[in-house]
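Notebook open, structure loaded. I want to look at how some helices pack and what the cysteines are doing.

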Amino acid sequence: MGTRPCGWTPRGVSAAITIPRFSPRPRTAPAGRFSPRGSEARAEGKGKAMSRWRAVASRLSAAADSHLLSRAFSKGPSPLPQALSRNFSKAAAATATSHSPSAAPSAAAAGPRPEVRVNSLFLSKPCSLALPPDSPLRAEDPHYEGIKRLMLTLLLFYSKQSKSIRGANAVYHRITSHVDKPDIYEVFQLEKTFKTTFSLLVLHMWLVLRRLKEEGKDGVKFGQYIYETYNHDVELRVSKAGVNLLLTKWMKELEKIFYGNIVKYDTAISQEASQDDLVDIIWRNVYADEASQPMDAAAIPTVQALARYTRREATCLSLTDKEAMFSGNFKFSNVLPNVSHPAKQRR
């Protein structure tokens with residue numbers, strides 16, 4: 001079998017296969033490796049991966065005919081979509097409607113929003129995403145003294161493993177808080193459904209795990225904790241939505257989609273890949289309903305913007321120091337442009 005780009009191997013698989021794997025049982029995972037539940041999860045071809053996703057989406061949609069899954073992934077009060085995915089034109093129209101002044105009268109009270117021109121987004125020079133020391137968004141461990149600190153030390157609160165778990169929770173919170181923001185759906189013309197939220201969640205998980213790989217074994221081990229948090233969160237979201245029948249089977253299918261997607265992202269961003277490879281993969285993973293579906297001409301600027309955003313965030317994370325990555329004290333770039341002067345409302 002050929003060598004693949006990422007550098008981690010699952011249990012029971014030849015070391016020549018360098019594919020990232022994560023294990024829900026980190027205590028039994030070999031050092032420096034991420035492993036899934038068993039070694040059956042492998043990267044699929046484009047057609048198979050999309051067919052699997054369509055099958056999973058179909059079953060989830062049927063099980064959640066009251067839009068329970070969409071509700072689990074959508075915290076906003078806006079009306080929920082009737083399908084797990086739509087074509088780009090319908091999704092863009094729905095997104096525009098959901099952000100119109102008539103649909104959200106409170107938006108006017110909050111002030112004018114900057115005009116979004118996707119062709120000019122994410123062209124600035126990459127920089128570190130680390131939060132400054134005085135940022136109110138920083139996550140810090142409590143500093144206790146005396147008997148409290150002694151008791152917490154005895155309870156292993158300050159152990160390396162406990163610190164890693166708290167750091168992983170903080171990192172995953174950065175991911176979910178960013179993916180749950182309405183701005184990311186507005187800028188990239190995405191209707192907020194289970195499919196789009198899951199696709200964005202996987203994309204940002206890949207960005208973080210790719211950065212942690214640069215830290216060697218420490219990064220691999222820390223990434224295991226983040227993957228555990230991610231896996232638990234996805235299972236809870238689906239379970240809380242009321243979908244409990246065949247939950248394990250669906251989770252395994254979503255796990256296969258996760259691994260298939262991150263392998264494709266690694267390949268698309270490698271030095272051997274062309275500039276359009278990432279655009280094509282993002283179209284297939286995030287926007288398209290079928291692998292064979294050609295890219296909608298109207299979607300090209302938006303998909304290219306998401307590809308530029310992905311490349312830029314990957315570089316920004318590489319510039320972010322280890323301490324910030326391991327403590328969760330970083331913040332993804334804003335997808336909406338900063339407003340330096342009063343913006344004119346569009347009509």
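Before listing who meets whom, I fix the term: contact means heavy atoms within 4.5 Å. I also keep in mind that this is a predicted model.

**Entry 1: H8 and H9**

I started with the pair H8 (residues 194-213) and H9 (residues 217-240). I get an angle of about 170° between them, with the axes 9 Å apart. Angles over 145 degrees count as roughly antiparallel, so H8 is roughly antiparallel to H9.

Next I pulled the contact residues. On the H8 side I find Phe 194, Phe 198, Leu 201, Val 202, Met 205, Val 208, Leu 209 and Leu 212. They meet Gly 219, Val 220, Phe 222, Gly 223, Ile 226, Tyr 227, Tyr 230, Val 234 and Val 238 in H9. I sorted the residues of this contact by type and got 15 nonpolar, 2 polar and no charged.

I then checked H8 by itself. Its 20 residues reach 28 Å from first C-alpha to last, close to the 28 Å expected at 1.5 Å a residue. Is H8 mostly covered or not? I count 18 of its 20 residues as buried, so to speak a mostly covered helix.

**Entry 2: H6**

I ran the length check on H6 (residues 160-179) too. Its 20 residues should span 28 Å at 1.5 Å a residue, and I find the end C-alpha atoms 29 Å apart, which agrees.

For burial in H6, my list includes Gly 167, Ala 168, Tyr 172, Arg 174 and His 178. What do the buried residues of H6 pack against? I noted H7 (182-187), H8, H9, H12 and H13 (322-327).

**Entry 3: H12**

H12 (residues 300-319) got the length check as well. With 20 residues at 1.5 Å each it should span 28 Å, and the end C-alpha atoms sit 29 Å apart, in agreement. Among its buried residues I wrote down Thr 302, Tyr 309, Arg 312, Glu 313 and Cys 316.

**Entry 4: cysteines**

How many disulfides are there? I count 0. The sulfur of Cys 127 has its closest cysteine sulfur in Cys 316, 5.0 Å away; that is too far for a bond, because a disulfide needs the two sulfur atoms within 2.5 Å.

Are these cysteines buried or partly exposed? Cys 127 has 42% relative accessibility, so I log Cys 127 as partly exposed. Cys 316 comes out at 0% and therefore counts as buried.

Technical notes:
Residues are numbered from 1 along each chain as its sequence is written. This is a predicted model: local features need pLDDT of at least 70, side-chain atom pairs count only at pLDDT 80 or more; totals for chains, interfaces and linings use all residues. Side-chain values use heavy atoms; hydrogens and water are left out. Helices (H or I, at least four residues) and strands (E, at least two) are DSSP runs, numbered from the N terminus. The expected span of a helix is 1.5 Å times one less than its number of residues. Buried means under 20% relative accessible area, exposed over 50%, partly exposed in between (1.4 Å probe, protein chains only). Axes are lines fitted to C-alpha atoms, for helices over the stretch in contact, and angles run from 0 to 180 degrees between N-to-C directions. Angles under 35 degrees count as roughly parallel, over 145 as roughly antiparallel, 65 to 115 as roughly perpendicular and the rest as oblique. Ala, Val, Leu, Ile, Met, Phe, Trp, Tyr, Cys and Pro count as nonpolar, Asp, Glu, Lys and Arg as charged, and the others, Gly among them, as polar.
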